[in-house]
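Please open the model in your viewer and keep the sequence beside it, since each stop on this tour begins with a selection to make and goes on to what can be found there.

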Amino acid sequence: MRRVLKHLFAPSAKRLFPEDALQRIAALIAASEARHTGEICFAVEPNLHPRAVLAGMGAQQRAREVFARLGVWDTRANNGVLLYLLLADHRIEIVADRGFDDRVSAEQWRGVCQLMEERMRVGEPEQAVAQAVTALSDLIAAHFPRAEGDVDRNELPDVPHLL
């Protein structure tokens, strides 16, 4: 029941990420994607529906649903990455497409989450996302670097998703 109450009274995503912050995050994502051919998608959700909470849905399961719903899997090189933040549970999840299988370890993805968690804990949500996007970009660039002459095919919107 405690978790249901946390979700009912979750903080506002718009308060943590006002429009100007969302625009700066979108610009950072766009700039980071100039270094590699991967696609980064950021989504933040304040809470889950009480029925989902009562059914036992966690942040990881929800992140996988959001990954599919936003079409992060739908890139030519299968190199889309979702950075998902569930405010009510204070959870950060990364869901990466199959192009990263056997390239990036769970520990490396977890390291990005930990960087973001540190900034969130001190009340710096925009800086938390910026640090995570930079770290994700470094990982992606190591495996999917943009070669000279590569055409920028921005396959996913850079604008963050407030769910």
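Begin by selecting Trp109, which in this predicted model counts as buried because its relative accessibility is 11%, a value under the 20% cut-off. Add Phe100 to the selection, a residue that is buried as well, with a relative accessible area of 2%. Which kind of pair do the rings of Phe100 and Trp109 form? Their centres are 5.4 Å apart and their planes stand at 80°, so the pair is edge-to-face, given that angles over 60 degrees are classed in this way.

Keep Phe100 in view and select Phe144 next, whose ring forms an aromatic pair with that of Phe100, again described as edge-to-face, at 5.2 Å centre to centre and with 75° between the planes. Where along the chain do Phe100 and Phe144 lie? Phe100 is in the loop between β3 (91-96) and α6 (106-121), whereas Phe144 is in the loop between α7 (125-143) and β4 (161-162), and the pair thus links distant parts of the chain that are 44 residues apart. Phe144 is buried too, its relative accessible area being 10%. With Phe100, Trp109 and Phe144 displayed together, you have a cluster that is linked by ring pairs. The count of aromatic pairs in the model comes to three.

Stay with the loop between β3 and α6 and select Asp102, which lies there and is exposed, with a relative accessible area of 85%. Its backbone deserves a look, for the phi of Asp102 is near 65°, a positive value in a residue other than glycine. As background, most residues other than glycine have a negative phi.

Move now to His90, in the loop between β2 (80-86) and β3, where you will find another residue that is not a glycine and yet has a positive phi, here of about 55°. Is His90 buried or exposed? His90 is exposed, because its relative accessible area of 65% is over the 50% limit.

For the last stop, select Met1, Leu5, Leu8 and Phe9 and show their surface: these residues form a nonpolar patch there, with about 520 Å² of accessible area together. Leu8, one of the members of this patch, has its place in helix α1 (residues 2-8) and counts as partly exposed at 48% relative accessibility.

Notes: Residues numbered from 1 in each chain as written. Predicted model: local features only at pLDDT ≥ 70, side-chain atom pairs only at ≥ 80, totals over all residues. Heavy atoms only, no water. Phe/Tyr/Trp six-rings, centres within 6.5 Å; stacked < 30°, edge-to-face > 60°. Buried < 20%, exposed > 50% of the residue type's maximum accessible area, 1.4 Å probe, protein only. Helix = DSSP H or I, 4+ residues; strand = E, 2+ residues; numbered from the N terminus. Patch = residues over 30% accessible without salt bridge, like charges linked within 9 Å, V, L, I, M, F, W, Y side chains within 5 Å. Areas by Shrake-Rupley, 256 points an atom, 1.4 Å probe, with all protein chains shown as cover. Salt bridge = Lys/Arg side-chain N within 4 Å of Asp/Glu carboxyl O.
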